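Trainee: Could you take me through one part of this model in detail, beginning with a single residue and then moving on to a strand and the contacts around it?

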Amino acid sequence: MTIDDPKNPWTPEEEGDHDPVMREWWTCELLFQTREDHRRWNLMTSFAYEQETPSCFFQYVLFDITSKKWVAHKDLNDEITKLTHTKNRLGLYYETSSLEGLYPKYHLHVEDPKQELTLDADYTARSLPHWIAQEATQGNLPIGLNFYRYGFLPHCEINGTMKLGKESYSIEGKGYLEHAYGDWSYQNPLQTLSRAHRTIATYGHLTRWWLSHHRFKIPKRISFTSENNPFGYDWVWGVCDNSWSLFFGNSLFWVSEGPSIGAFYLTADGKRYWEFCDVWFKYNKVLYVKEYDLYYPSDLEVTGRLEDKTIRLRFWSTTDTYEYIDPYKKGRFHKAFILSELPGRMEGTFTDKDRTIPLQGECKIVPLRQAPLLGHNAVSFEFLTPPKGVGLSVELDFHALRKRLFTQVQLAPKPKISCRLKRIDLSQIPKESEVSREA
């Protein structure tokens with residue numbers, strides 16, 4: 001290590017708990033293979049507590065990627081005292097499951113006798129941790145009128161054992177760890193205002209940072225949907241076959257196609273991160289939650305630019321989805337909290353002034369949505385610009401009124417106006433569909 005090498009930004013104080021903040025969680029992701037039969041698996045495990053109810057939360061979901069389905073899960077809200085957490089190190093204990101360690105070594109133990117699952121995984125970090133917006137705001141992020149910190153460790157080697165039913169396996173693969181904490185409410189986002197002045201300042205820093213990486217341009221297409229509100233996100237993690245690792249966190253602000261109000265992080269050596277702020281995204285396929293009338297992506301594309309570097313990647317799911325749905329009893333703005341788990345694949349390229357590198361590998365897609373009271377409503381604008389012509393197409397999708405309206409106004413090269421109105425039968429919407437782009 002030289003004096004110019006980046007340093008670990010996670011202190012022991014940061015890795016331990018920050019009680020009494022309103023909300024804090026630690027999440028592990030594992031993409032691994034069982035050596036005995038060469039099957040592919042994904043395990044997500046989360047330990048969390050929140051002071052609003054108060055309560056603690058433990059969750060895991062195990063996917064058999066080879067069979068394209070989830071095979072075991074547990075989602076449990078419990079008394080807040082049932083989760084034990086410590087200061088100055090990672091020490092989390094819920095019933096017989098635990099997560100322990102301090103960078104660069106961790107150990108995860110998941111045990112569920114009812115589903116006959118026991119897993120032990122040793123983490124060895126191959127990258128430095130990183131805070132989202134580490135350069136712009138020292139890792140502080142706004143949410144509503146409050147703020148939080150969100151750190152991630154995107155590349156670890158995983159080794160361990162898994163017992164599922166009567167079968168026992170040795171496992172190896174890649175792992176991810178994240179830690180987030182802060183003071184905010186999902187059900188009542190205006191509840192805590194004590195630090196609003198700090199949050200407003202953070203919005204200002206992020207806005208200046210975001211604008212400094214963008215230049216004004218008319219997009220080919222931009223879309224907005226009601227379920228892509230600011231209290232949801234799109235989340236992607238992956239490790240490429242060449243050992244490059246990445247993280248994409250997209251704060252939605254109602255946009256469903258267009259500029260990302262987030263950032264894309266890519267590291268080739270595990271030490272230095274390229275932080276792509278000029279990022280555009282679009283959905284190719286979406287999944288529909290009929291009970292709450294909303295969509296979330298199962299196939300998306302991301303394009304990021306930073307100086308002479310360009311990253312283009314497509315992420316798509318390869319298994320059935322797992323949906324965790326928590327209905328709100330007294331939600332003033334939303335009907336439910338919906339968190340979806342989608343193991344998948346990714347493919348694309350990284351380009352700079354000297355080279356183009358193909359990238360491919362495994363990934364995990366996790367969309368979070370706060371179901372809006374009026375369900376899915378959307379508007380899309382598609383622009384026709386010179387030299388192809390001048391015009392605008394608008395598509396309105398109002399599930400509340402069961403109507404879809406498509407309007408096109410073209411001024412050049414040949415003037416044209418058209419308008420179509422279609423009735424929507426919500427009962428006929430399939431679980432997965434391609435994103436409509438009529439223009």
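Mentor: Let us begin with Thr 319, which has a relative accessibility of 8% and therefore counts as buried, the cut-off being under 20%. The model is a predicted one, and in it Thr 319 belongs to the loop between strand 22 (309-317) and strand 23 (322-327). If its neighbours within four places in sequence are left aside, the residues in contact with Thr 319 are Phe 63, Ile 65, Lys 68, Lys 69 and Pro 343. Strand 22 also holds a charge-over-ring arrangement, for Arg 314 lies over the face of Trp 316 at 4.3 Å from the ring centre.

The strand to look at closely is strand 1, where 12 of the 12 residues are buried, so that the rest of the structure largely encloses it. The burial concerns both faces: on one side Arg 23, Trp 25, Thr 27, Glu 29, Leu 31 and Gln 33 are all buried, and on the other Glu 24, Trp 26, Cys 28, Leu 30, Phe 32 and Thr 34 are buried too. Strand 1 has pairing partners as well, since 12 bridges join it to strand 13 (residues 167-183) in an antiparallel arrangement, with Leu 31 standing opposite Lys 174. Strand 2 (residues 39-50) likewise pairs with strand 1 over 12 bridges, again in the antiparallel sense, and here Trp 25 stands opposite Ala 48. The hairpin formed by strand 1 and strand 2 has 4 residues between the strands, and in it His 38 takes a positive phi near 60°.

Trp 25 also leads to the aromatic contacts, of which the structure holds 27 pairs. With Tyr 150 it forms an edge-to-face pair, 6.4 Å centre to centre and with 80° between the planes; because Trp 25 lies in strand 1 (residues 23-34) and Tyr 150 in strand 12 (residues 146-164), this pair ties together parts that are 125 residues apart in sequence. Both of these residues, Trp 25 and Tyr 150, are buried.

A further edge-to-face pair joins Phe 152 and Tyr 273, at 6.1 Å centre to centre and 90° between the planes, and it links distant parts of the chain, with Phe 152 in strand 12 and Tyr 273 in strand 19 (residues 273-276), 121 residues apart. Phe 152 and Tyr 273 are both buried. These four residues belong to one aromatic cluster, whose members are Trp 25, Tyr 150, Phe 152, Tyr 176, Trp 235, Trp 237, Phe 247, Tyr 265 and Tyr 273.

Technical notes
Residues are numbered from 1 along each chain as its sequence is written. This is a predicted model: local features need pLDDT of at least 70, side-chain atom pairs count only at pLDDT 80 or more; totals for chains, interfaces and linings use all residues. Side-chain values use heavy atoms; hydrogens and water are left out. Rings of Phe, Tyr and Trp (its six-membered ring) pair if their centres lie within 6.5 Å; planes under 30 degrees apart count as stacked, over 60 as edge-to-face and the rest as tilted. Helices (H or I, at least four residues) and strands (E, at least two) are DSSP runs, numbered from the N terminus. Buried means under 20% relative accessible area, exposed over 50%, partly exposed in between (1.4 Å probe, protein chains only). A charge sits over a ring if NZ of Lys or CZ of Arg is within 6 Å of the ring centre and within 35 degrees of the ring normal. Contact means heavy atoms within 4.5 Å. Two strands pair if DSSP finds at least two bridges between them.
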